[in-house]
Amino acid sequence: MFRRFPTKDALIAAVIDATMRELASVAEEARSEAGGFERFVRAAAAAYAQNRALIEAMTRCSHTPQVEALTQAVQRLVRRAQSAGEVRRDVKVEDVLALIPTASRYPNVILDGLRPPVASATRA
């Protein structure tokens, strides 16, 4: 195994490569559609539900091209969603990725928490 993969991180990166590429593709596609941020969060949560080691692997392999490409794609998606008023201005890409495990169980709660607060027309 170590003839093909020089380090354990290289092996882990190879294992998660397809998932990282797929999620980066979803993030890029989602930038051009209304509600795309929600679609990405749900897709990432589903990927995590199928592979609970995904977030740990991403953290461990954060320096790899696959994870960097995903992070950049999600950053662009977050910025677009913030510009469209779909996501709070104070949300960072790291926040979104860190919330994916919780979103796999409580997607609506996480998505509601990431949305900007609705200004109330009347206050009691």
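**Exercise 1. Which residue does Arg39 form a salt bridge with, and how far apart are the closest N and O atoms?**

Before starting, keep in mind that this is a predicted model.

*Solution.*
- Step 1: look around the side chain of Arg39. Its salt-bridge partner is Glu33, with the closest N and O atoms 2.7 Å apart.
- Step 2: check that distance against the cut-off. A salt bridge needs a Lys or Arg side-chain nitrogen within 4 Å of an Asp or Glu carboxyl oxygen, so the pair at 2.7 Å counts.
- Step 3: ask how much of each partner is accessible. Arg39 has 31% relative accessibility, and Glu33 has 29%. Buried means under 20% and exposed over 50%, so Arg39 is partly exposed, and Glu33 is partly exposed too.

**Exercise 2. Work through the Asp17 and Arg21 pair, then place it in the wider count of salt bridges.**

*Solution.*
- Step 1: find the contact. Asp17 and Arg21 form a salt bridge, their closest N and O atoms lying 2.9 Å apart.
- Step 2: place both residues. They sit in helix α1, four residues apart, or about one turn of the helix.
- Step 3: sort them by accessibility. Asp17, at 18%, falls on the buried side, whereas Arg21, at 55%, is exposed.
- Step 4: widen the search. Over the whole structure, 11 salt bridges turn up.
- Step 5: recall the general idea. Oppositely charged side chains can pair when their charged atoms come close.

**Exercise 3. Start from Asp112 and find the salt-bridge network that it belongs to.**

*Solution.*
- Step 1: Asp112 forms a salt bridge with Arg115, and the closest N and O atoms are 2.4 Å apart.
- Step 2: follow the shared partners. Glu38, Arg42, Asp112 and Arg115 are joined into one network.
- Step 3: check Arg115 itself. With a relative accessible area of 33%, Arg115 is partly exposed.

**Exercise 4. Describe helix α2: its span, its buried residues and what they pack against.**

*Solution.*
- Step 1: take the ends. Helix α2 covers residues 36-50, which makes 15 residues.
- Step 2: compare spans. From first C-alpha to last, α2 reaches 21 Å, close to the 21 Å expected at 1.5 Å a residue.
- Step 3: list the buried positions. These are Gly36, Phe37, Phe40, Val41, Ala44, Ala45, Ala47 and Tyr48.
- Step 4: see what they face. The buried residues of α2 pack against α1 (8-30), α3 (54-60), α4 (65-83), α5 (93-103) and α6 (107-114).
- Step 5: try a residue missing from that buried list. Ala43 is also in helix α2, but at 26% relative accessibility Ala43 is partly exposed. Leaving out residues up to four places away in sequence, Ala43 touches Leu23 and Val26. Ala43 and Ala30 are 13 residues apart in sequence, with their C-alpha atoms 11 Å apart in space.

**Exercise 5. Do the same for helix α4, then move on to its residue Gln82 and to Gly85.**

*Solution.*
- Step 1: α4 has 19 residues and spans 27 Å between its first and last C-alpha, close to the expected 27 Å.
- Step 2: its buried residues are Gln66, Val67, Leu70, Ala73, Val74, Leu77, Val78, Ala81 and Gln82. They pack against α1, α2, α3 and α5.
- Step 3: zoom in on Gln82, which belongs to α4. Its relative accessible area is 10%, so Gln82 is buried. Apart from residues up to four places away in sequence, Gln82 touches Val87, Arg88, Arg89, Asp90 and Val91.
- Step 4: step past the helix. Just after α4, Gly85 takes a positive phi of about 80°.

**Exercise 6. Characterise the largest pocket and then look at Met58 in its lining.**

*Solution.*
- Step 1: the space in the largest pocket is about 150 Å³.
- Step 2: read off the lining. It consists of Ile55, Met58, Thr59, Ser62, Val67, Thr71, Val93, Glu94, Leu97 and Ala98.
- Step 3: assign the lining to helices. α3, α4 and α5 each supply at least two residues, and α5 gives the most, with four.
- Step 4: sort by chemistry. The lining has six nonpolar, three polar and one charged residue.
- Step 5: turn to Met58, in helix α3. Met58 counts as buried because its relative accessibility is 7%. Not counting residues up to four places away in sequence, Met58 touches Ile16, Met20, Val67, Leu70 and Leu97. Met58 and Glu68 are 10 residues apart along the chain, and 9.4 Å separates their C-alpha atoms.

Terms used. Residues are numbered from 1 along each chain as its sequence is written. This is a predicted model: local features need pLDDT of at least 70, side-chain atom pairs count only at pLDDT 80 or more; totals for chains, interfaces and linings use all residues. Side-chain values use heavy atoms; hydrogens and water are left out. The expected span of a helix is 1.5 Å times one less than its number of residues. Buried means under 20% relative accessible area, exposed over 50%, partly exposed in between (1.4 Å probe, protein chains only). Contact means heavy atoms within 4.5 Å. On a 1 Å grid over the protein atoms alone, a cavity is a set of points where a 1.4 Å probe fits but cannot get out, and a pocket is an open set with protein on both sides within 12 Å along at least five of seven lines; lining residues have an atom within 4 Å of a point. Grid points are joined across faces, edges and corners, and a volume is the space filled by probe spheres set on the points. Ala, Val, Leu, Ile, Met, Phe, Trp, Tyr, Cys and Pro count as nonpolar, Asp, Glu, Lys and Arg as charged, and the others, Gly among them, as polar.
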